[in-house]
Amino acid sequence: MEIKRYRVTGMSCAACSARVERAVSSVPGVTACTVNLLTGMMQVEGNAGDEAVHKAVADAGYGIAGMDDRTRTEREDRETPGMVRRLILSACFLLPLMYLSMGHTMYGWPVPPVLAGHPFRIALCEAVLALTVMIINRRFFISGIRGVLRGAPNMDTLVATGSGASFLYSLFVMLTHEETEIAHGLYFESAAMILALVTVGKTLESLSKGRTTDALKHLMMLAPDTATLIRDGKEITVPTEQVAAGDVFVLRAGDRVPVDGTVTEGACTADEAALTGESLPAEKVPGDEVNAGTTVSSGYARCRAVRVGTDTTLSGIIRLVDEASSTKAPAARTADRAAGVFVPCVMAVSLITMTVWLLTGSGIETALTHAAAVLVISCPCALGLATPVAIMVGMGVGAKHGILYKTAAALEMSGRTEIAALDKTGTVTEGRAEVTDVLPGEGVSREELLTYACAAENGSGHPLARAITRFAAENGIFPEEQPVGRHETVTGNGLRASVNGRTVTAGSEAFVSRGTAFTEAMHEACERFARDGKTPVCFADEKRLLGIIAIADRIRDDSPRAIGEMKNLGIRTVMLTGDRKTTAGAVGVKAGTDETLAELLPAGKAEHVRKLRVKGRVMMIGDGINDAPALTGADVGVAIGAGTDVAIDAADVILMNDSLSDAAASVRLGRAVLRNIRQNLFWALGYNLIAIPLAAGILTPLTGWTMTPMLGAAAMSCSSVAVVLNALRLNRFDPYSAAKDRPVRQTARKLYTYRIGVDGMMCPHCERTVREALEKLNGALQAEADHEAGTAVLISEKKIPAKQIREVIEREDYGVTDVVREV
């Protein structure tokens, strides 16, 4: 299935984006379509051709363009300058119009002699000035009329109708009434002022929306325009785009790294805060990597280019954040559904308002005033912007701190996390095995034990073997000092090697003790090491026990604190590992996890994650290839940035800073964004629920106060700006501050339980076959089968048709008697 991205133009409100989504979703071959009103980006999944997608968008009345690598990073604001020009031109004609309609008519301000005492001439001037403002802002009318003709009225339709009705009614009065009666019956200034005030609001909204991508723009500015290369022994300066893989470039203090590379000569320190959020500069020596966009604090180095152009780490981050902006969060669905019917409902309310006021005998002027006010005060924009602006700012804040969300849904789900499943090696621990204890056997020196251990382990690529040879080298002992003959690996147990004519056995106590006796003291030492979270590796030759070397993968310095912070956030922590129970339990106690599940294969981790999801929303945090199935199966998968490419590809969130504390920060940021979204939706919905009745005149019979269309337009403009400004407050949010950490009661996940009658199950093997078949269903969380009772139970997060459940079981040659969904 292919995912394509497009830029859609001409959308003015949430009704527009909903219209585009419906149009493209109906194209054959399209399986999913999301449109982001804030960025104008559309993401289409499926195998539909570009021509069909372009036609669907064009038929809906909007423009469309493909997204190539150049436009993907194009961030110039072309919309706001045009709005500012329109606003200035509108003001030039609106000011004299207001002088004539308000200043002269109401307060008697002087006018030129040619107009003095001639109400019709003044009215004609007002009409010309108002028409000029309408022509300047004609896009409201073009877009609004186009939407009506295509059966999809939008916000522009409301504005155009309100302004147009005021103008046409004033024109009617001017042409049909006596000259002495038209002075106070005109609304030309309302027609023009509505357009001007809406344009003011749209301009402020556009300026504010531009600030939502400040963090992304900052990332784009990190890459320098030029690079200093070594060519023919000389330094030359070339544009960064011309740097090729394999080129040697020079870095000096104050330089920004142009491309990703490896240090070959010299040494320097690099400030990587912009990419990883790490405040301390990193030392770079030959063999270390440097990343594009980082700044050299001190030193001099020559580096060989490895990744250039769009392949650099910086470009990948920019692309990731940019692509995520075209996705849609689940929280936006309610607002989208409301926006889809909002404009037709408002038009109906406006028509009803006019009818009611006419039936009460209030006259066409009063009825038109209230009807126009209803049209222009309603604001579908605030509804459409409530979620995407908060998501966009949140993603920018995350990117600034080295927390990258691949989708808007990942950001939202991070904030809803209830259970954190943690991989041990490389996540809770450093992922680097180190020797912690050397315990020689009776009559064996420390040096002798290390000599035989180093020689025996030298032929193995196991992490524990590498830790032993590295430790021996640090102590001046090298494997080549002892001749090694036959080398045999016993999978899951250890190895045997011929060292200096002796057969050395290395491995677990159970394996080595088969041929060598352990004293009580050495047996207790093995158990003590295991209780402390260390792995004891035993060594023996044909005659005696040479000793024990204990190896541990040290817990990260910040792991206990990070896990403690998750607990303070009300998140239950569970550590998953393939290590044996004793070692894993010791690590779990030191790290402070609520529960530890040990001796798990990759499939076992994924199965336990699925079971945990029945109890709450699960965030899986890992770094290795064996974590990929669990990362994919969780509600949100988080990959430590220093992890494998497989883990990073399978995850929904990437922590660039290689720190478990960033996982807690991602939860805080997700919760802050969710709070902001709720505030925005409350304001957008509350505003419309209060403003529309006020505009319809609900208070007029009681207080005599009437809302004019001009006041309605001003209120509508302010509502959109208020939503955007509220979202911009997230830029000041510190995701690492634990001062306000507290448990948050999440809305319960809706689960569906199916009880299934199954014929033909005869044994535990049959149970496993049925269970595995059910767990393959989309949305399945947990399945159990009982061959004695002849039943199976399926728990799912989605509704699954009974026919589909029957099919997967019958495919395994079992019968289904009934499928009942429990309420």
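**Note on the predicted model: two sheets and overall make-up**

1. Helix H2 (residues 50–59) lies across E1, E3 and E4, and runs at about 30° to E1. Contact here means heavy atoms within 4.5 Å. Axes are lines fitted to C-alpha atoms, for helices over the stretch in contact; angles run from 0 to 180 degrees between N-to-C directions. Helices (H or I, at least four residues) and strands (E, at least two) are DSSP runs, numbered from the N terminus.

2. This is a predicted model, in which local features need pLDDT of at least 70 and side-chain atom pairs count only at pLDDT 80 or more, while totals for chains, interfaces and linings use all residues. Residues are numbered from 1 along each chain as its sequence is written, and side-chain values use heavy atoms, with hydrogens and water left out.

3. The sheet under H2 is open and has 4 strands, in the order E2-E3-E1-E4, with antiparallel pairing. E2 and strand E4 (63–66) are the edges; each has a single partner strand, so one side of each lacks a neighbour in the sheet. Neighbouring strands are turned by 30° against each other on average, direction ignored. Helix H1 (residues 14–25) also packs on this sheet. H1 touches E1, E2 and E3, and its direction makes about 165° with that of E2.

4. What does E3 pair with? Strand E1 (residues 2–9) joins E3 in the antiparallel sense over 6 bridges. Strand E2 (residues 30–36) does so too, again antiparallel over 6 bridges. Two strands pair if DSSP finds at least two bridges between them. From E1, Tyr6 has Met42 of E3 as its bridge partner, and Glu2 has Gly46. Val30 also stands opposite Gly46 in E3.

5. Is E3 enclosed or open? Of the 6 residues of strand E3 (residues 41–46), 5 are buried, so the strand is largely enclosed by the rest of the structure. Buried means under 20% relative accessible area, exposed over 50%, partly exposed in between (1.4 Å probe, protein chains only). The E2–E3 hairpin has 4 residues between its strands. In that hairpin, Gly40 takes a positive phi near 75°.

6. Another open sheet has 4 strands, in the order E26-E27-E25-E28, and its pairing is antiparallel. Its edges are strand E26 (780–786) and strand E28 (815–822), each pairing on one side only. The twist averages 15° from one strand to the next. Strand E25 (residues 752–759) and strand E27 (residues 791–796) share 6 bridges in the antiparallel sense. Arg755 stands opposite Val793 in E27.

7. Helices cover this sheet as well. Helix H23 (residues 602–615) lies across E26 and E27, at about 100° to E26. Helix H30 (residues 802–810) lies across E25, E27 and E28, at about 145° to E28.

8. One loop residue deserves a look. Ile698 sits between helix H26 (661–696) and helix H27 (700–703). Ile698 is exposed, with a relative accessible area of 54%.

9. Overall figures for the protein chain follow. The chain has 30 helices and 28 strands. Its C-alpha trace spans about 125 × 80 × 50 Å along the principal axes. Of its 823 residues, 53% count as buried. Among contacts with a separation of 6 or more, 70% come from residues 24 or more positions apart. The chain exposes about 36,300 Å², and carbon and sulfur atoms supply 56% of that area. Accessible areas come from the Shrake-Rupley method with a 1.4 Å probe; for residues, only the protein chains shown count as cover.
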